[in-house]
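Student: I have a new structure to look at. Can you walk me through the model?

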Amino acid sequence: MEKLLVLTHVDESGSVLNKASLEAVAAGVEMAQALGASLAIGIVGAKADAAVPQVAGASTRVLTVEGEAFAQPRYASDAAACEALCRAADATVVFAPATSRFARVIPGVAYRMGGFADTHITAVTKGDKLEATRWFYRQRVEAVLSREKRPWFLLLEAGTRTAYAATGAAVAPEKVAVTLPEVRTNVTGVRAPKQDEQTIRPDAKLLFVAGAGWTKKQSDGQVHAAEAETLILGFLRGADASLGSSKSLVDQSGENQTVLKFMTHMNQIGQTGATPRHAKGLSTCCHGEEPHVVGWRFINERRAINLDANCGWARGKADVVYIADAFKVIAKVNALLAESK
Ligand SMILES: Cc1cc2nc3c(=O)[nH]c(=O)nc-3n(C[C@H](O)[C@H](O)[C@H](O)COP(=O)(O)OP(=O)(O)OC[C@H]3O[C@@H](n4cnc5c(N)ncnc54)[C@H](O)[C@@H]3O)c2cc1C
């Protein structure tokens with residue numbers, strides 16, 4: 001019989017499980033039932049015990065590693081904590097969220113345990129035995145994996161299932177002691193842009209794509225980059241949208257052309273860019289060529305604004321195409337969004 005362990009960690013507050021961890025718990029509950037496996041939940045963090053009520057009803061066995069040493073993400077302490085939890089649970093299968101904190105330690109923990117780790121898992125199912133699904137070659141080939149090697153570690157992609165919701169009373173956690181190695185890394189703080197400066201928001205309902213048209217000469221023969229920046233940032237704030245870009249627009253910075261300052265290659269959507277998952281997408285000033293649109297495959301409802309009635313979006317790639325000037329449309333939409341707030 002498989003022994004399933006779900007490894008989780010608390011967020012920056014030190015006592016709350018993040019969404020990705022709760023999604024991993026939901027996967028654990030589902031697969032433990034399907035496989036007839038035992039299930040344990042492991043929690044790592046400064047005040048891990050405080051997070052135990054969030055997994056109430058998931059399992060009768062909750063193991064915690066807590067203390068100041070586990071407040072900050074750090075390879076040495078996190079790997080030691082995860083290894084101790086795996087040994088305490090005697091796990092044969094381990095699910096962990098693919099957060100930045102765990103994605104960098106789980107392969108090392110698998111090595112220490114003599115097991116095997118697979119990453120970017122988007123689904124776990126029971127066929128003849130446990131099977132895990134992931135995509136290869138930029139989301140073009142979907143593979144279903146199973147392995148004999150145990151323990152088998154699966155890093156589950158965030159946003160691929162509903163987060164676990166606690167039911168009933170919390171169990172008393174078993175505290176797992178960890179012998180820390182010599183810790184040479186001291187985390188003194190985190191430097192990150194302010195939340196409203198982050199343009200890539202994986203949890204947003206809407207993806208807003210800006211194409212090169214925003215920095216091209218407009219009907220008056222002039223480029224309006226400053227206005228474009230104001231309109232795009234205003235829309236992102238007003239609609240709480242995530243920002244994507246075409247390759248042409250992000251490549252311009254290397255060609256000394258007019259650029260949008262907040263746009264980087266991280267925003268690029270497409271064959272050589274990202275393939276994000278959002279309920280809706282709005283493309284603006286982007287031609288809708290295949291190498292770009294291929295990155296939209298997980299966007300459910302697609303709309304585009306383009307001056308050109310012959311653009312790629314109008315040829316079956318979008319559900320709705322507005323043949324209009326995006327500068328005017330977005331200015332109007334921003335005003336409506338401001339009114340509705
Ligand atoms: C191997 C390979 C890989 C590639 N990978 C990618 C990739 O990953 N992602 C990607 O994006 N591209 C990729 N490309 C490039 C892709 O083929 C296109 O060249 C690129 O997407 C074009 O960008 P664009 O639509 O923003 O610019 P343009 O083609 O310049 O289109 C600008 C559009 O803006 C419109 N416009 C201008 N002003 C306005 C206005 N005021 N209102 C409304 N519309 C306006 C114009 O009508 C035009 O349609 C790849 C190409 C190759 C060969």
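Tutor: One term to begin with: helices (H or I, at least four residues) and strands (E, at least two) are DSSP runs, numbered from the N terminus. This is a predicted model, in which local features need pLDDT of at least 70, side-chain atom pairs count only at pLDDT 80 or more, and totals for chains, interfaces and linings use all residues. Residues are numbered from 1 along each chain as its sequence is written, and side-chain values use heavy atoms, with hydrogens and water left out.

Student: How many helices and strands are there in the protein chain?

Tutor: The protein chain has eight helices and 14 strands. Its C-alpha trace spans about 70 × 45 × 40 Å along its principal axes.

Student: What does helix 5 lie across?

Tutor: Helix 5 (residues 225-239) lies across strand 10 (206-210), strand 11 and strand 12. Its angle to strand 10 is about 175°. Axes here are lines fitted to C-alpha atoms, for helices over the stretch in contact, and angles run from 0 to 180 degrees between N-to-C directions. Contact means heavy atoms within 4.5 Å.

Student: And which order do the five strands of that open sheet follow?

Tutor: The order is 11-10-12-13-14, with parallel pairing. Strand 11 (242-245) and strand 14 (320-323) are the edge strands, each pairing on one side only. From one strand to the next, the twist averages 20°. Two strands pair if DSSP finds at least two bridges between them.

Student: How many bridges join strand 12 to strand 13?

Tutor: Six bridges join strand 12 (residues 278-284) to strand 13 (residues 299-306). One bridge partnership is between His278 and Ile299 in strand 13.

Student: Now the nine-strand sheet. What is its order?

Tutor: That open sheet runs 7-6-5-8-4-1-2-3-9, and its pairing is mixed. Strand 7 (141-145) and strand 9 (174-175) are at the edges with a single partner strand each, so one side of each has no neighbour in the sheet. Strand 1 (residues 3-9) pairs with strand 4 (residues 93-97) in the parallel sense over three bridges. Val6 is opposite Phe95 in strand 4.

Student: Which strands does helix 1 lie across?

Tutor: Helix 1 (residues 19-35) lies across strand 1, strand 2 (38-45), strand 4, strand 5 (116-126), strand 6 (130-136) and strand 8 (152-156). Helix 1 runs at about 170° to strand 1. Helix 2 (residues 75-89) lies across strands that include strand 3 (61-66), to which its angle is about 155°.

Student: Different topic: how many cavities of 30 Å³ or more does a search of the whole structure find?

Tutor: The search finds one. On a 1 Å grid over the protein atoms alone, a cavity is a set of points where a 1.4 Å probe fits but cannot get out, a pocket is an open set with protein on both sides within 12 Å along at least five of seven lines, and lining residues have an atom within 4 Å of a point. The largest cavity has a volume of about 70 Å³, a volume being the space filled by probe spheres set on the points, with grid points joined across faces, edges and corners.

Student: What gives the most to the lining of the largest cavity?

Tutor: Strand 5 does, with four residues. Among the lining residues are Ala20, Glu23, Ile121 and Arg161.

Student: And the second largest pocket, which residues lie nearest its centre?

Tutor: Ser246, Lys247, Ser248, Glu289 and His292, out of 19 lining residues. The volume of this pocket is about 280 Å³. Helix 6 (247-251) and helix 7 (290-293) each supply at least two residues of its lining.
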